[in-house]
Structures are given as C-alpha cells and as structure tokens.
Amino acid sequence: MGGTAEPPGGAQVPERGSHLAAGTKHLALHPISQPGRDAPSPWHSHRKMKTAMSLLGSQGIFSVTEILIFLAVFLLMFTVIRSFQQQIPYGLKRLPEPRGYPLIGNVLELGRNPHLSLTQMSQKYGDVMQIRIGTRPVLVLSGLNTIRQALVKQAEDFMGRPDLCSFRHIGNGQSLAFSPDSGEVWRARRKVAQNALKTFSVSPSPTASSTCLLEEHVFKEAEYLITKLLQQMKEKKSFDAYRYTVISVANVICGMCFGKRYTHDDQELLSLVNLSNEFGDVAASGNPADFIPILQYFPSRTMKIFKDLNKRFSSFVHKIVKEHYTTFDKSHIRDITDSLIEHCQDKKMDVNANIQLPEEKIVNLVNDLFGAGFDTVTTALSWSLVYIVTYPDIQKKIQNELDQTIGRERRPRLSDRLMLPYTEAFILETFRHSSFMPFTIPHCTTKDTSLNGYYIPKNLCVFINQWQVNHDETLWKEPSAFNPERFLNAEGTEINRVESDKVMIFGLGKRRCIGEPIARWEMFLFLATLLQQLEFSVCDGQKVDITPQYGLTMKNETYEYFQIKQRFPNKSFE
Ligand code: HEM
C-alpha cells in the first residue's frame, strides 16, 4: 500500500513546463498520503515533509527563504493594520458595516437614491451602522428612537458638521448651516439669526388687514401669484407651478431680509433661484466628490456650476448689504439686514458666552437665511400642489373646510390654523409622504461616544435618514399611502400630536431648523389662500409623475401641466 498513485482520471501532466506546472506535476506524482490506507509513521512524516519541501523547494514555486520573508511581511502588515484599527473600549461593540469595495467603499450600493438604499441596508444592519463612501467612514442613523437618542439626548456629541470640500464654497466658507463650526461662535450666530427671524416675522404689521409681518408678506405675494397664474392660463392654458411659486416664496424672504421684492420676470432673481437644483445635487448627503478626495482634481461640470452659483449668490447678497450700509438709519430698522448691521454697530455681546462676533460673521447670516428660506418652502409648496391635483377628493375636503370656517368674505389668517385641522393634516402628510429633505444636512461627532451599545469615534460623519423615519412600517400604517386622516383624532376635529411629532423633516435637537415656525406658517398661508380662491387640476391627457429626484431637497419633475379655475370669479378678498 502507499507509494505512488495515479491522479484522478490518470496523470494529466501539463504539456508546457512552467514553474507552476512543474510544481503541480511534482505534487501530482508525490501524493502526501492516502487517507484511510496508510498508518502515519515517522517515515511517513519525513516523506510528507520532504514532499512539502520539494513543493516549495528549488524546483517548486518558492524557496524556503522566500516563504519566511513572505510570512514576516504578512505578520508585519497584519500588526500595522491592527494598530490602525479602532480599539473598541471594553463593553462596547464595533459598528456593523456592509462589505464594500477597496477605494470606493459602498458608493455603488448607494446608487441614485441613497435614502432608499440606506433604508434597505438599515433593515439588515440596524439603526446604527457604518458605511464607507470612498475611503471615508460614515455613520448612518435610522429609527426615530435612535435618532432622538443621538440628536436630543446626546445632542452635544452629535451636533458637529463635517469639513466637506463642497461646503467650503457655501457663503465663503462661513455658512451657519454648512461650516464645520459648532462651538461658541456658531451658538452665538444661531441666536442672532433666530432673533432676527422672529422680529421680522411675528412683529405686528402696520397694515390693518394683517396681524403680523409674515402674514402681510404672504398675503401680498399670494395675491400677485394668483394674478400671474390666471394670466398664464389666459395666455397659455397651463403653467409650471414651481416656476411661479419660487419667485413668490423668494419674495417673502427677500421682504424680510432686504425689504424688497422682485417681479416674476426679474432675470437676475430667476437665474439665481432656478439654480437651486444644482445646489441640492452637490450639497446632498452622499455626494461622492466630498468623500473621494481625488475627485476634486477631476474637472466636474456640476462642481463648476456649484462654485459659480455660490459666488453669484454671495455677490447678489453682498450688493444689497452694501446698499443697506449706505442708507442705514439707526432710528429706522427696515429689515433683517438692518438689524444685523445694528447688532454689529452696537457691538452687542452674547450674554451667555460673552462673545464678540466679527462683523462679517453677523452680516453673512443673511446669506444663510435667504438661501435656506426659499428653496425649501417652494419645494414643500410645489409638492403640496402635486398631491392636490393627484387626489382631487382631498382638494375638495380642504376647500369645504375653508368655506365652512373662513367663508368667502376674508382671507385665511395664521390664527385660523387650529380651526382648520384637515388642512393642517394635509400639510403634515405632504411633509411625511414626500420626505423631500430625505437626510438632514450631514452631522459629525464632536467627541468619542457610544450609541445603542456601539462605539462611535470623534469626527465621524453622520447621515440622519429622515426618509426612513417617515416610511418606517413600525411607526406608520401603510406608509406608502397618501392619507391626511392619519393625523386626525377619531372625530376629525383635532390634530393627533403623538402622530404629528413622528414626522421628521426639520431635523431634531441643537441643529434643528431655525426657520421651522416660519416655514410651517408660510406653507399654511400660501396653501389656504390659493385653495380658497382657485381649483387646481392637470391638463387633459397629462399624467403627474410623483417620483422624486434625489438631492438635498428632492423635487418632482416640473412640467407645464397645471391648470386652474377661479372658484368665485369677480370676488375680491379682504
Ligand atoms: C419646509 C421648509 C424647511 C425645511 C423642510 C427645512 C429643513 C431643515 C433641515 C432638515 C435642516 C438641517 C437640520 C440638521 O442638520 O439636523 C435645516 C437647517 C436650517 N434651516 Fe431649515 N428648513 C426649512 C425652511 C427654512 C427656512 C424658511 C429658513 C430660514 C428662513 C431655514 C433656515 C435654516 C438654517 C439657518 C439651518 C441651519 C441650522 C444650523 O445648522 O444650526 N429653514 N432646515
């Protein structure tokens, strides 16, 4: 027994004698053992060793020295990699992570709709998981409770912003929302911005027909919008809703920030506001150029447009701010820009932090407010109009509620909100169903921390998946259905606050949107004023496409497919 044996199917000796083929031949002709046949013996072991040595020896693939060097290098590399790998503190777990490709990480899995891919991945890896975009690790948070824990209960740990290359082009790198600053200066600036917004929205209006400045701005713009839409209907028989609402909404924030408005055909404003899609493409979570640094050095049309847009935006605002400086009168503060200039001239200190902010850091705030103030609200409003024409029964219910509560004699006011629960429920369902801000602006950890038992290092970029929360089957019955009634109590007379608090569109905690109250009021006033006077529909034969296009704010395809009819022709509203 033992001895040589034929390989299965006979000895297939390769014809050409490569180094590898020689080794294979050697192996084939000198089998190490025949299991179950030979009893192991010292001779056998010796032979085994000899065979192995001959496989590796001078006639084999590698020499013994080569193998030893290989092992030494392998051990060295292993030790170096281990020393670079995160040491997880005792009692905490390492973050779960889908396998990615070298250099690009999980970019391919993110695809065109990262909010959907990451929702799917969270079902496998959990509410707290790590992905890699390029070589950069990113923490992805899903699940309302997990997100509340991170952004509210552990707010200080998760309130940072990552230093992404595209963000450095926004507001000359001094943006309140996008710059990496999250310390005392950011805190003081945020407070100044919040106070300015409050003063120029809820302060009493000088006109008798409005209760506050915001109401006055929206009334005026909604009336201009209605006139413009009716004119478009006369001339073209249809219109693109986004094209006109964007100017009306921009005029509201222009009124508050700069005390001026623009016509619907103003080319400078039009070209600026219509570039918001390009802004959203780059500023969205998961833009590869921010995570694969080498991409910065390749020519990119989108990045060029992004830089150009930010420059144009800054110089548009800068020009207006300069005009304000020349006409500034301390006894007559006209708007937010004036109030920021006054803040600088008074050298006001932040009472808590005792911080003196540099002038440019104060006046630059108007850039953030104007930038954040029109695209978001316009997108919200245009989604609401898309749902209105998709579900005509819902439009009728809102109009019945408006007719019964407000009637035809006066316009809707902010104080009517509580008496119009169905309209409010419709707005909440628009936010939830469209989830048009699928992620918050990316966050970043400010120190080593932990969440749900996982160790999370400092400076880790964090994506908060708002879309996942708004479509979570454990939170919502039939999340893909558009159903405003889900937010009403059983009698349909009040908003169910437990349900409405689950909708996530403005972020949470220390970075929560500072424009949230204004956005909600504006949305209500525009929508109620438009639906009180107009009936919206889609042109015959046209189909509404509600598939969103991914971005910082997701838009629906805008086409000239909207039509309107006046509900009460020849009636004017006070
Ligand atoms: C429906 C409309 C709006 C939506 C859905 C929205 C949503 C958001 C979200 C998700 C964030 C990021 C939160 C985070 O990173 O955790 C944010 C931040 C911000 N929003 Fe809004 N927003 C809206 C309207 C507005 C308006 C009207 C203004 C101002 C006039 C505004 C000003 C800001 C600012 C300044 C920040 C940055 C806050 C910071 O980083 O400290 N937003 N918003």
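Arginine 334 and aspartate 338 pair up through their side chains in a salt bridge, 2.6 Å from N to O. The two ends sit in rather unlike surroundings: arginine 334 is partly exposed at 32% relative accessibility, while aspartate 338 is buried at 0%. Keep in mind that this is a predicted model. The pair belongs to a set of 24 salt bridges, and the rest of this briefing looks at some others, then the iron, the cores and valine 152.

**More salt bridges**

- Arginine 417 and glutamate 424 also meet through their side chains, with an N to O distance of 3.0 Å.
- Here arginine 417 counts as partly exposed, at 22% relative accessibility, and glutamate 424 as buried, at 10%.
- Elsewhere, Glu156, Glu184, Arg187 and Lys510 are joined into one network by salt bridges that share partners.
- Aspartate 157 and lysine 447 form a salt bridge at 3.4 Å, N to O.
- That pair ties together parts 290 residues apart in sequence, because aspartate 157 lies in helix 7 (residues 155-158) and lysine 447 in the loop between strand 3 (443-444) and strand 4 (449-451).
- Aspartate 157 is buried, with a relative accessible area of 10%, whereas lysine 447 is partly exposed at 42%.

**The iron**

- What does the protein offer the iron atom of the ligand? Its only protein donor is Cys513, through SG, at 2.3 Å.
- As for where that donor sits, cysteine 513 is in the loop between helix 21 (497-500) and helix 22 (516-533).

**Nonpolar cores**

- The largest nonpolar core has 133 residues, and Phe370 and Phe536 are the ones touching the most other members.
- Helix 17 (residues 365-390) is the top contributor to this core, giving 14 residues.
- Leaving aside residues up to four places away in sequence, phenylalanine 370 touches Ala250, Ile253, Cys254, Cys257, Phe258, Leu269, Leu272, Phe313, Phe316 and Val317.
- Another core, of 18 residues, lies apart from the largest one, with Leu151, Tyr454, Ile456 and Leu460 among its members.

**Valine 152**

- Valine 152 has its place in helix 6 (residues 144-153).
- Buried or exposed? Valine 152 is in between: with a relative accessible area of 45%, it is partly exposed.
- Not counting residues up to four places away in sequence, valine 152 is in contact with Ile147, Leu508 and Gly509.
- Cysteine 344 is 192 residues from valine 152 along the chain, and their C-alpha atoms are separated by 32 Å.

Terms used
Residues numbered from 1 in each chain as written. Predicted model: local features only at pLDDT ≥ 70, side-chain atom pairs only at ≥ 80, totals over all residues. Heavy atoms only, no water. Helix = DSSP H or I, 4+ residues; strand = E, 2+ residues; numbered from the N terminus. Buried < 20%, exposed > 50% of the residue type's maximum accessible area, 1.4 Å probe, protein only. Contact = heavy atoms within 4.5 Å. Core = buried A, V, L, I, M, F, W, Y, C linked by side-chain atoms within 4.5 Å. Donors = N, O, S within 2.8 Å, 3.2 Å for Na, K, Ca; no water. Salt bridge = Lys/Arg side-chain N within 4 Å of Asp/Glu carboxyl O.
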